[in-house]
Amino acid sequence: MRLAHLPTPLYEAKNLTKELGGPRIFVKRDDLTGLGFGGNKTRILEFIMGDALAKGADVIVAGAGWQSNWCTQVISACRRLGLDVAIYKQAVEDGYDPKDYDGNHLLHFILGAEMVVVGHPWREKAAKAKEKLIEELRSKGMKPYDAGESPYRSIGYANGVLELLTQANELGVKIDYIVHANGSGMTQSGLILGSKALNTNIEVIGISISPGEDKEGRVAKMVNEGAKLLDVDVSVGEKDVNIIHDYLGGGYAVVDEDVIRAIELVAKTEGIFLDPVYTGKAMAGLIDMVRDGKFDKDENIVFLHTGGTAALFPYREPIKNILKGEKPTWLKPPWYYRE
Ligand SMILES: Cc1ncc(COP(=O)(O)O)c(C=O)c1O
């Protein structure tokens with residue numbers, strides 16, 4: 001199922017490399033996949049949606065945070081394919097409906113998605129909301145497909161590694177590391193699967209932007225699931241999954257000065273915008289690791305830009321405050337947390 005505009009560019013961030021004085025940094029522009037506002041989930045959805053259609057599904061069920069890029073991508077893909085979609089989102093309270101619509105929530109609204117909004121405790125309430133949605137859809141005679149649990153979650157990025165290697169070969173560059181933001185782990189599982197299936201020595205480093213139990217185990221499970229589907233001889237355990245948990249800061253979607261400064265640095269050196277929740281946090285981690293001497297100068301790093309830039313605008317307050325040297329009015333987004 002073709003949803004993305006591929007290949008996305010791979011380009012050398014020479015000014016950023018020079019600024020950091022360490023290894024060569026390349027950026028894989030998966031923020032430019034072309035569906036909705038672009039992002040990593042487009043590649044992933046090409047296979048998930050293909051499976052959903054093959055199984056005769058007529059409605060896709062998906063859920064995540066209030067400002068979810070995943071939901072933007074899922075709803076956009078459903079609109080493109082003429083499928084129904086049912087969304088559940090996590091916010092500060094049940095039924096949250098603010099005066100101002102912004103960022104991804106505004107996009108979800110424009111896309112016309114039906115949404116169920118649940119408050120804390122998110123995990124438990126989201127699981128119940130999903131179950132209820134699926135039950136209701138089935139009772140109407142519909143065939144729902146749970147996008148977040150698709151066995152095809154890792155295939156998009158396994159394929160993405162093939163694309164990346166082709167581009168790196170054309171540039172005459174041997175990739176040593178891929179660094180990216182780790183959330184649900186779908187992206188990292190595909191990157192590991194592709195890197196191993198193609199016999200590379202690339203180390204995939206996921207910088208965790210959300211807390212969660214056994215993230216390594218979950219990624220390993222998705223890798224092995226994908227390997228079976230592709231019929232390739234790859235099998236990994238949690239020890240083969242490199243997730244760095246040091247840059248989570250105040251928690252999911254919570255920003256701090258390092259994240260905002262990382263966004264500023266990449267904008268000012270490369271003219272590229274990162275987002276405050278995923279890519280800004282992952283870049284803050286990469287910058288810190290480079291400055292800390294974690295990589296050799298002759299190594300090559302690909303930073304995977306996974307998108308998310310629609311979320312820059314709802315974060316205008318802390319971005320403005322921090323860049324002006326003022327005390328931030330908030331760092332924990334009010335649509336998720338009460339300070
Ligand atoms: C912009 C962006 N980057 C990275 C991620 C993390 O990807 P994954 O959930 O596959 O770990 C997400 C997840 O929604 C995202 O929206």
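## Around the ligand

Helix H7 gives the most to the shell around the ligand, contributing three residues. This is a predicted model, and in it the ligand is surrounded by 18 residues. The closest are Asn69, Gly183, Tyr278, Thr306 and Gly308. Besides H7, two other elements give two or more residues to this shell: helix H3, which spans 69–81, and strand E7.

What kinds of residue make up the shell? By class, 13 of its residues are polar, four are nonpolar and one is charged.

## The sheet

Let us turn to the strands. Six of them form an open sheet with mixed pairing, in the order E1-E2-E10-E7-E8-E9. Strand E1 (10–12) and strand E9 (242–244) stand at the edges; each has a single partner strand, so one side of each is left without a neighbour in the sheet. On average, neighbouring strands here are turned by 30 degrees against each other, with direction ignored.

Strands of a sheet pair through backbone hydrogen bonds, and they can do so in a parallel or an antiparallel way. Strand E7 (residues 177–182) and strand E10 (residues 300–305) take the parallel sense, pairing over three bridges. If you would like one pair to look for, Val179 has Phe303 in E10 as its bridge partner. Helix H7, made of residues 186–197, packs on this sheet and touches both E7 and strand E8 (203–208). The direction of H7 makes about 175 degrees with that of E8.

## Ser189, a residue in helix H7

Ser189 is a good place to look more closely at H7, the helix in which it lies. Is Ser189 buried or exposed? It has 32 C-beta neighbours inside 10 Å, so it counts as buried; the cut-off for that is 20 or more.

Which residues does Ser189 touch, leaving aside its neighbours within four places in sequence? Its contacts are Arg153, Ser154, Val219, Met222, Val223 and Gly226. Gly206 is 17 residues away from Ser189 in sequence, and their C-alpha atoms are 9.8 Å apart in space.

## Asp288, a residue in helix H10

Another residue to find is Asp288, which belongs to helix H10 (residues 279–291). Asp288 has 16 C-beta neighbours inside 10 Å and therefore counts as partly exposed, because that class lies between the limits of 12 or fewer for exposed and 20 or more for buried.

How far apart are Asp288 and Gly22 in sequence and in space? They are separated by 266 residues along the sequence, while the C-alpha to C-alpha distance is 11 Å.

Note on methods:
Residues are numbered from 1 along each chain as its sequence is written. This is a predicted model: local features need pLDDT of at least 70, side-chain atom pairs count only at pLDDT 80 or more; totals for chains, interfaces and linings use all residues. Two strands pair if DSSP finds at least two bridges between them. Helices (H or I, at least four residues) and strands (E, at least two) are DSSP runs, numbered from the N terminus. Axes are lines fitted to C-alpha atoms, for helices over the stretch in contact, and angles run from 0 to 180 degrees between N-to-C directions. Two residues are in contact if their C-beta atoms, placed from the backbone, lie within 7 Å. A residue is near a molecule or strand if its C-beta atom, placed from the backbone, lies within 6 Å of it. Ala, Val, Leu, Ile, Met, Phe, Trp, Tyr, Cys and Pro count as nonpolar, Asp, Glu, Lys and Arg as charged, and the others, Gly among them, as polar.
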